[in-house]
Amino acid sequence: MSENFSPAILIPVYKHAKACRTVVKNLAPLCVSQKIPVILVDDGNSENEKLILSEIESENDFVHLVSLEKNGGKGKAFSEGVFFAKSRGISHILQIDADGQHDFSRAAFFLEKSAASPSALICGFPEYDESAPNHRKNAHRFANLWCKIVTWESGIVDSLCGFRVYPVEETARLLKKSHIDSRMGFDIDILIRLIWRGVRTEFYGVRVTYPEDGISNFRPFRDNVRISWVFTKFFCGMILRSPILLARKLRKTK
């Protein structure tokens with residue numbers, strides 16, 4: 001990696017410590033060869049899960065464990081990971097979910113794309129296999145449509161995939177100034193806010209698998225209500241922001 005591009009991999013962990021061990025094992029060849037640290041954020045796990053995460057850190061020199069006393073949700077864990085990365089001089093973080101659903105082999109490709117476009121947000125979009133439930137696909141379609149509406153950006157391919165490379169400096173500034181949803185609305189919330197701030201996005205495919213025995217932290221009623229509230233909030237914000245969005249749209253067409 002170049003002197004100005006110093007990436008890390010950030011993995012928020014809640015109830016997925018065992019799966020996270022496999023994730024880290026798969027990332028190890030890349031991390032060791034390229035000297036890329038992995039930041040695990042323990043999001044208020046049980047004592048047994050905490051023990052597994054501590055073992056992962058002790059077994060791998062490139063792993064750093066950040067522990068939160070209480071479960072605050074993915075957004076809270078992500079924020080603490082970003083601030084930790086910034087304090088260590090990390091320029092970009094590749095955020096990967098701990099449940100092992102993502103194709104780890106795409107990590108190197110995404111980091112290469114980020115190095116080539118360091119000011120951009122490099123986003124994954126899911127390439128599903130036969131294990132993907134229809135309700136997950138439909139949720140992504142719904143969210144993608146509303147993201148396009150509130151950002152005036154037709155190029156949004158996916159708004160929910162947790163496989164993204166974030167520029168740390170810009171992301172940390174946003175996290176300090178804005179109250180971003182800490183749970184299942186997080187991926188949508190931060191994407192929209194970064195786009196509103198003028199951050200360019202690039203989208204690339206990543207294979208996603210849903211194992212039959214996988215543990216999901218998604219709670220359909222609670223989290224769908226939460227996501228709906230996020231879009232309601234941003235729709236109102238879009239109306240107030242429409243002159244800025246229009247001016248930006250006109251500049252792009254010139």
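This is a short group-meeting talk about one protein chain and how some of its parts fit together.

Hi everyone, thanks for coming. Before we start, please keep in mind that what you see above is a predicted model.

Let's begin with strand 2, which covers residues 38-43. How many of its six residues are buried? Six of the six are, so this strand is mostly covered. Now think about its two sides. In a regular strand, the side chains alternate between the two faces of the sheet. Here, Val-38, Leu-40 and Asp-42 sit on one side, with Ile-39, Val-41 and Asp-43 on the other, and both groups are buried.

What lies beside strand 2? Strand 1, residues 7-13, runs parallel to strand 2, and five bridges join the two. If you want a place to look, find Leu-10, which stands opposite Ile-39 of strand 2. The connection between these strands involves helix 1, residues 17-34: strand 1, helix 1 and strand 2 make a right-handed β-α-β unit.

Strand 2 also pairs with strand 3, residues 63-68, again in the parallel sense, over six bridges. Here you can look for Val-38, which has Val-63 of strand 3 opposite. To get from strand 2 to strand 3, the chain goes through helix 2, residues 47-59, in a β-α-β crossover that is right-handed.

Next, salt bridges. Side chains of opposite charge can pair when their charged atoms come close. This structure holds 13 salt bridges, and I'd like to show you a few.

One is between Glu-55 and Arg-21, whose closest N and O atoms are 2.9 Å apart. Glu-55 is in helix 2 and Arg-21 in helix 1, so this pair links parts of the chain that are 34 residues apart. Are these residues buried, exposed or partly exposed? Glu-55 is partly exposed, at 29% relative accessible area, and Arg-21 is partly exposed too, at 30%.

Another joins the side chains of Lys-74 and Asp-97, at 3.1 Å from N to O. Lys-74 belongs to helix 3, while Asp-97 is in the loop between strand 4 and helix 4, so the salt bridge ties together parts 23 residues apart in sequence. Asp-97 is buried, with a relative accessible area of 18%.

Now come with me to helix 6, residues 168-177. Its buried residues are Val-168, Glu-170, Thr-171, Ala-172, Leu-174 and Leu-175. What covers them? The cover includes helix 3, strand 4, strand 6 and helix 7.

Helix 6 has a salt bridge of its own: Arg-173 with Glu-170, the closest N and O atoms being 2.6 Å apart. These two residues are three places apart, about one turn of the helix. Arg-173 is partly exposed at 36%, whereas Glu-170 is buried at 17%. Both also belong to a network of salt bridges that links Lys-86, Glu-169, Glu-170, Arg-173 and Arg-197.

My last stop is Ser-91, in the loop between helix 3 and strand 4. It is buried, with a relative accessible area of 19%, because buried means under 20%. Which residues does Ser-91 touch, leaving aside its neighbours within four places in sequence? Among them are Asn-4, Phe-5, Tyr-166 and Val-168. Ala-8 is 83 residues away along the chain, yet the C-alpha atoms of Ser-91 and Ala-8 are separated by 8.1 Å. Finally, the side chains of Ser-91 and His-92 share a polar contact of 2.9 Å.

That's my tour. Thanks for listening!

Terms used
Residues numbered from 1 in each chain as written. Predicted model: local features only at pLDDT ≥ 70, side-chain atom pairs only at ≥ 80, totals over all residues. Heavy atoms only, no water. Buried < 20%, exposed > 50% of the residue type's maximum accessible area, 1.4 Å probe, protein only. Helix = DSSP H or I, 4+ residues; strand = E, 2+ residues; numbered from the N terminus. Pairing = 2+ DSSP bridges. Right-handed = clockwise from strand over helix to strand, strands pointing away. Contact = heavy atoms within 4.5 Å. Salt bridge = Lys/Arg side-chain N within 4 Å of Asp/Glu carboxyl O. Polar contact = N/O pair within 3.5 Å; in protein donor to acceptor, adjacent residues only side chain to side chain.
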